[in-house]
Every structure is written in C-alpha cells, then in structure tokens.
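Reader: Could you take me through one part of this model in close-up? I'd like to hear about the aromatic rings, and then how that part sits in the rest of the chain.

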Amino acid sequence: MTVLQKKARGRRPEYFEDPAVDKLMAITMALAGEVSVLRDRLDTIERLSEAGEKISPRSVDEYQPGPDVCAARDVWREDYLGNVLRIVHQELEGMQRDSDSKVYEENVVHVERE
C-alpha cells in the first residue's frame with residue numbers, strides 16, 4: 001500500500017500580488033472540491049435509492065457511474081466552478097480589456113506620429 005504525503009513540497013504558487021488573496025483562493029478551491037465530492041455522493045445516493053438499491057457507505061463507494069451519469073456530473077461541475085470562479089474570470093477579462101485598450105492607444109499614438 002502506497003502512503004501519500006500529506007503536504008505538498010516546495011513553495012506555494014503565487015498568482016496575486018497580495019499573498020492573503022492566494023491563501024483565500026486556496027481555501028475557496030479546497031472547499032469547492034469538497035462540495036463537488038459531496039454533490040457526487042449525494043447524486044449516487046439518489047440514484048441508488050431510485051433504483052431500489054440498499055444504501056450504505058460501501059454501496060456509495062462502490063457505485064460505478066455510466067457515461068451518461070459522468071457527462072451529467074461534468075456539466076454540473078463546469079457550471080458550479082464557473083459560478084465559484086466568476087469574479088476571477090471577470091477580473092481577468094477586465095485586465096485583458098485594459099491591456100488591449102492600452103495597446104490600441106499606444107498604436108494610435110505611434111500612427112499619429114508617423
């Protein structure tokens with residue numbers, strides 16, 4: 001049996017200027033991951049119940065979703081993470097717009113000088 005290490009090695013990656021924001025994002029993503037796992041387990045319980053199967057921790061752990069269930073879960077997860085990360089995506093889009101606008105303005109100034 002392989003024993004997994006409990007802590008990642010090396011420095012934590014930094015994405016934001018403020019380290020507190022990186023820590024908050026890490027906490028948020030860890031919680032989002034836990035909610036996603038809980039959602040899949042609840043979905044499994046509902047499907048087992050609907051099929052008249054016995055529900056136990058073992059039956060939930062051993063459940064093997066088919067391709068249609070996996071596809072439905074993937075759609076849910078995509079929407080869920082989109083909602084969780086909406087503010088980050090909006091911030092990145094704003095930064096991209098600002099960058100594009102700055103480049104455009106610099107090009108206009110350059111063309112006017114020519």
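Author: Sure. Keep in mind that this is a predicted model. Going by ring centres within 6.5 Å, the count comes to one aromatic pair. The partners are tryptophan 76 and tyrosine 80, and their rings are stacked. A pair of aromatic rings is described by the distance of the centres and the angle of the planes. Here the centres are 4.7 Å apart and the planes meet at 15°. The label "stacked" applies because planes under 30 degrees apart count that way, and this pair has 15° between the planes.

So why can these two side chains pair up along the chain? Tryptophan 76 and tyrosine 80 both belong to helix 3, which covers residues 67-84, and they are four residues apart, so about one helical turn separates them.

The two rings don't get the same label for burial, though. Tyrosine 80 has a relative accessible area of 17% and is buried, because the cut-off for buried is under 20%. Tryptophan 76 comes in at 24% relative accessibility, so it counts as partly exposed.

Now for the setting. The protein has four helices and zero strands, so the pattern along the sequence reads α-α-α-α. Of its 114 residues, 13% count as buried, and tyrosine 80 is buried too. The accessible surface comes to about 10,100 Å², with 56% of that belonging to carbon and sulfur atoms. As for contacts with a separation of 6 or more, 45% of them are between residues 24 or more positions apart.

Part of that surface is worth a look as well. Leu42, Ile45 and Ile55 make a nonpolar surface patch of about 230 Å². Isoleucine 55 sits in the loop between helix 1 (19-50) and helix 2 (57-62). With a relative accessible area of 39%, isoleucine 55 is partly exposed.

Step from that loop into helix 2 and you find serine 59. The serine 59 side chain reaches the backbone nitrogen of serine 56, at 2.8 Å. Leaving aside residues up to four places away in sequence, serine 59 touches Leu48 and Lys54.

To come back to your close-up: the stacked pair is tryptophan 76 with tyrosine 80, set about one helical turn apart in helix 3, with tyrosine 80 buried and tryptophan 76 partly exposed.

Terms used
Residues are numbered from 1 along each chain as its sequence is written. This is a predicted model: local features need pLDDT of at least 70, side-chain atom pairs count only at pLDDT 80 or more; totals for chains, interfaces and linings use all residues. Side-chain values use heavy atoms; hydrogens and water are left out. Helices (H or I, at least four residues) and strands (E, at least two) are DSSP runs, numbered from the N terminus. Buried means under 20% relative accessible area, exposed over 50%, partly exposed in between (1.4 Å probe, protein chains only). Contact means heavy atoms within 4.5 Å. Accessible areas come from the Shrake-Rupley method with a 1.4 Å probe; for residues, only the protein chains shown count as cover. Patches are made of residues with over 30% relative accessible area and no salt bridge: like charges are joined within 9 Å, nonpolar side chains (Val, Leu, Ile, Met, Phe, Trp, Tyr) within 5 Å. A salt bridge is a side-chain nitrogen of Lys or Arg within 4 Å of a carboxyl oxygen of Asp or Glu. A polar contact is a pair of N or O atoms within 3.5 Å; within protein, one must be able to donate a hydrogen and the other to accept it, and residues adjacent in sequence count only if both atoms are side-chain atoms. Rings of Phe, Tyr and Trp (its six-membered ring) pair if their centres lie within 6.5 Å; planes under 30 degrees apart count as stacked, over 60 as edge-to-face and the rest as tilted.
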